[in-house]
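Biologist: Please take a close look at a single part of the structure below and describe it in one connected account.

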Amino acid sequence: MIDEALVDCYTDSEMVTAMMTAIQDHLDLPFTTKVLGLTVNVVAVDLNEAGDVVALCTSNRKRQRIPLVDLPIPDPPPGGAQWVAAFRRFARNR
């Protein structure tokens with residue numbers, strides 16, 4: 001999956017953007033999960049100002065960006081969650 005997403009990438013920035021785009025294309029949003037005991041809705045995946053892939057989470061009209069590598073995936077996982085797992089492998093090996 002990682003090789004599929006990174007086929008035309010040369011720089012680290014291109015690779016991160018390609019992985020984020022693959023996640024956006026395949027991950028079923030929104031979905032609900034728990035972050036530090038709080039139920040949140042994951043409504044989008046994006047890049048933050050530092051160029052990290054983050055999940056945009058909402059709860060009670062509040063919004064929080066959580067690094068995708070730290071986001072708990074619910075059980076059962078949403079469709080496309082295997083792309084999040086692939087991204088985590090990619091991020092560990094960067």
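Modeller: The account below concerns the largest pocket and one residue of its lining, Ser59. The model is predicted: local features need pLDDT of at least 70 and side-chain atom pairs count only at pLDDT 80 or more, while totals for chains, interfaces and linings use all residues. Residues are numbered from 1 along each chain as its sequence is written, and side-chain values use heavy atoms, with hydrogens and water left out.

The largest pocket has a volume of about 150 Å³. A pocket is an open set of points on a 1 Å grid over the protein atoms alone where a 1.4 Å probe fits, with protein on both sides within 12 Å along at least five of seven lines; lining residues have an atom within 4 Å of a point. The volume is the space filled by probe spheres set on the points, which are joined across faces, edges and corners.

The lining consists of Val35, Leu36, Leu38, Val40, Cys57, Thr58, Ser59, Lys62, Arg63, Gln64 and Ile66. Two or more of these residues come from each of strand 2 (38-47), strand 3 and strand 4 (62-67), strands being DSSP runs (E, at least two residues) numbered from the N terminus. Strand 4 gives the largest share, four residues.

Ser59 belongs to strand 3 (residues 53-59). Its relative accessible area is 13%, so Ser59 is buried (under 20%, 1.4 Å probe, protein chains only). Beyond four places in sequence, Ser59 touches Leu38, Thr39 and Val40, contact meaning heavy atoms within 4.5 Å. A polar atom of the Ser59 side chain lies 3.2 Å from the backbone oxygen of Thr39.

Notes: Buried means under 20% relative accessible area, exposed over 50%, partly exposed in between (1.4 Å probe, protein chains only). A polar contact is a pair of N or O atoms within 3.5 Å; within protein, one must be able to donate a hydrogen and the other to accept it, and residues adjacent in sequence count only if both atoms are side-chain atoms.
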